[in-house]
Amino acid sequence: DGANPNPNPNPVRSRRGSAGTAMARAFAPAMTPFEARRPRLRLEYDLQNAPPGSQERSRLITGFREDLKQALHLEDGVDVSVHSVIPAAEADWQTIVEFSFVGAEGIHEECCKEIDVKLRDPNSGLLSGLVTCKLDVSFFECGMKPRTMRSAEPRVQAVLDKYTNMQIPAGVLDLSRFKITLEFEGTVKPLLVPNPRVLRRRACYIWPYEVKEALGVLGTVLDTWMEPIALVPQQLEDFLASPVPFRPSASHEGLKVIDARLLKAGAHYVVEFEDRRSELLDLLADEEHDLIVEKFRAFDTNNNGAISRDEAQAYARARSDEGREKIDAQYEAFIAQAGNNSEEAIKEAEAQRDAHYSKIMEAEAKLLDMLARADTDGDGTLRLEEFAMAEAWWMRSTLNASRVELF
């Protein structure tokens with residue numbers, strides 16, 4: 001199987017057409033120091049039991065957050081934000097949870113160190129949570145010093161100790177995977193595919209989330225609104241040039257995958273997406289759409305169609321602060337009303353206030369992450385399409401305390 005040295009820069013095919021090449025090109029993230037430190041834990045949990053949008057997925061995420069908060073004794077105002085929940089590579093019966101801590105300066109690194117300590121203690125509260133009891137204690141990624149793999153089973157630990165410091169000679173080829181390249185609206189990225197000639201057939205599939213992760217779409221504002229539906233080979237013979245679609249797999253409970261046997265090593269594929277980006281913007285009222293454009297133009301002082309990413313992030317933080325102030329104002333007004341100053345009423349109102357705080361912090365953390373990922377070329381700017389998608393997501397994910405009675 002030969003490599004394809006000259007990828008064809010054809011434009012992406014989209015079921016509903018392109019919603020703007022500039023916007024799509026902006027979501028292939030460069031790794032920032034914050035992203036490099038974002039922690040990841042692995043659960044002995046088959047994500048097929050909790051498909052996206054299901055109550056099981058919601059309970060899994062909520063339980064994970066609550067278990068961490070309780071085990072780490074997080075103070076009020078500090079929360080856990082879950083960024084992604086995906087099957088583990090080549091071990092799809094396990095689940096990788098990527099998350100971060102928000103609400104206090106320096107809390108992120110402090111909590112990561114605490115998790116590292118608790119994973120080494122079999123009696124820690126972290127390993128007795130409803131969800132975190134399923135943690136794989138040998139796996140923890142957080143940008144700190146790599147952890148030594150450990151197991152409670154002596155025979156397994158003996159094997160781990162034997163190979164911990166094994167040196168792999170230079171020049172050894174890894175034949176367990178082969179490389180293809182993916183193209184999406186001007187972005188070209190590699191993807192390693194499990195090799196069916198070496199690995200078990202059940203492990204030799206690629207998933208839609210892997211394609212989105214390779215292209216930098218996973219975890220961004222585009223994630224929900226774009227789904228890969230096929231890989232279209234380029235510069236191959238006619239009988240090999242048919243699109244390779246994601247199809248439901250009976251062995252994976254109907255989830256859509258591509259069999260690795262249908263892909264050619266070294267080949268170049270254009271990704272065909274079901275593109276629903278325009279739907280998000282169509283959900284906006286005319287007033288909301290005009291407000292987004294007005295905000296963007298206020299930042300775009302030189303009228304070049306781009307604004308500073310740092311300015312957009314500062315605006316997002318300021319808007320969150322403003323939202324918390326409006327919540328506080330409604331809370332104070334509620335307590336000041338006759339009949340609402342009893343201990344029970346105050347306690348209930350405080351719980352509601354804290355819940356609204358938490359939603360704002362989660363939304364802010366995710367929005368800041370989206371804005372950080374948007375600057376793919378490193379020039380520190382955002383275009384109108386990117387800003388509008390992020391703003392539309394924010395409007396749909398938070399309550400406007402100036403228009404809604406919260407108490």
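Okay, let me start with a term: a nonpolar core is a set of buried Ala, Val, Leu, Ile, Met, Phe, Trp, Tyr and Cys residues joined through side-chain atoms within 4.5 Å. Buried means under 20% relative accessible area, exposed means over 50%, and partly exposed is in between, with a 1.4 Å probe and protein chains only.

Before I use that, a word on what we have here. This is a predicted model, where local features need pLDDT of at least 70 and side-chain atom pairs count only at pLDDT 80 or more, while totals for chains, interfaces and linings use all residues. Residues are numbered from 1 along each chain as its sequence is written, and side-chain values use heavy atoms, with hydrogens and water left out.

So, the overview. The chain has 11 helices and 14 strands; these are DSSP runs, H or I of at least four residues for helices and E of at least two for strands, numbered from the N terminus. Of its 407 residues, 48% count as buried. The accessible surface comes to about 21,900 Å², and carbon and sulfur atoms hold 50% of that; areas are from the Shrake-Rupley method with a 1.4 Å probe, and for residues only the protein chains shown count as cover. Take the contacts between residues at least 6 apart in sequence: 70% of them join residues at least 24 apart. Contact here means heavy atoms within 4.5 Å.

Now back to the cores. Which residues touch the most other members of the largest nonpolar core? Out of its 28 residues, they are Leu-41, Leu-68, Phe-99, Phe-101, Ile-115 and Leu-119. At least two residues of this core come from each of β1 (40-43), α3 (55-72), β2 (79-88), β3 (91-102), α4 and β4 (135-141). A second core lies apart from it, with 26 residues, including Ile-206, Val-211, Met-226 and Ala-260.

Let's zoom in on Leu-41. Leaving out residues up to four places away in sequence, Leu-41 touches Phe-64, Thr-95, Ile-96, Val-97, Phe-99, Ile-115, Leu-119, Leu-135, Phe-139 and Phe-140.

Next, helix α4. It runs over residues 107-119, and at 1.5 Å a residue its 13 residues should span 18 Å; the end C-alpha atoms are 18 Å apart, so that agrees. The expected span is 1.5 Å times one less than the number of residues. Which residues of α4 are buried? Ile-107, His-108, Cys-111, Cys-112, Ile-115, Asp-116, Lys-118 and Leu-119 are.

Lys-118 has a partner, too. Its side chain meets that of Glu-114 in a salt bridge, 3.5 Å from N to O, and the two sit four residues apart in α4, about one turn of the helix. By salt bridge I mean a side-chain nitrogen of Lys or Arg within 4 Å of a carboxyl oxygen of Asp or Glu. Lys-118 counts as buried because its relative accessibility is 15%, whereas Glu-114, at 34%, is partly exposed.

The whole structure has 14 salt bridges. Two of them involve strands β1 and β4. Glu-141 in β4 and Arg-40 in β1 are 101 residues apart, and their side chains meet at 2.9 Å, N to O. Glu-141 is partly exposed, at 36% relative accessibility. The other pair is Arg-42 and Asp-136, with the closest N and O atoms 2.7 Å apart. Arg-42 is in β1 and Asp-136 in β4, so this pair ties together parts that are 94 residues apart in sequence. Is Arg-42 buried or exposed? Arg-42 is buried, with a relative accessible area of 18%, and Asp-136 counts as buried at 12%. There is also a network of salt bridges linking Arg-65, Glu-66, Lys-69 and Asp-79.

Last stop, the outside. Leu-130, in the loop between α4 and β4, counts as exposed at 74% relative accessibility. Its C-alpha is 9.2 Å from that of Leu-60, with their positions 70 residues apart in sequence. Gln-70 belongs to helix α3 and is exposed at 61%.

And then there's a nonpolar surface patch: Val-159, Tyr-163, Met-166, Ile-168 and Val-172, with about 520 Å² of accessible area together. Patches are made of residues with over 30% relative accessible area and no salt bridge, joining like charges within 9 Å and nonpolar side chains (Val, Leu, Ile, Met, Phe, Trp, Tyr) within 5 Å. In that patch, Ile-168 is in the loop between α5 (154-163) and β5 (177-184), and it counts as exposed, at 63% relative accessibility.
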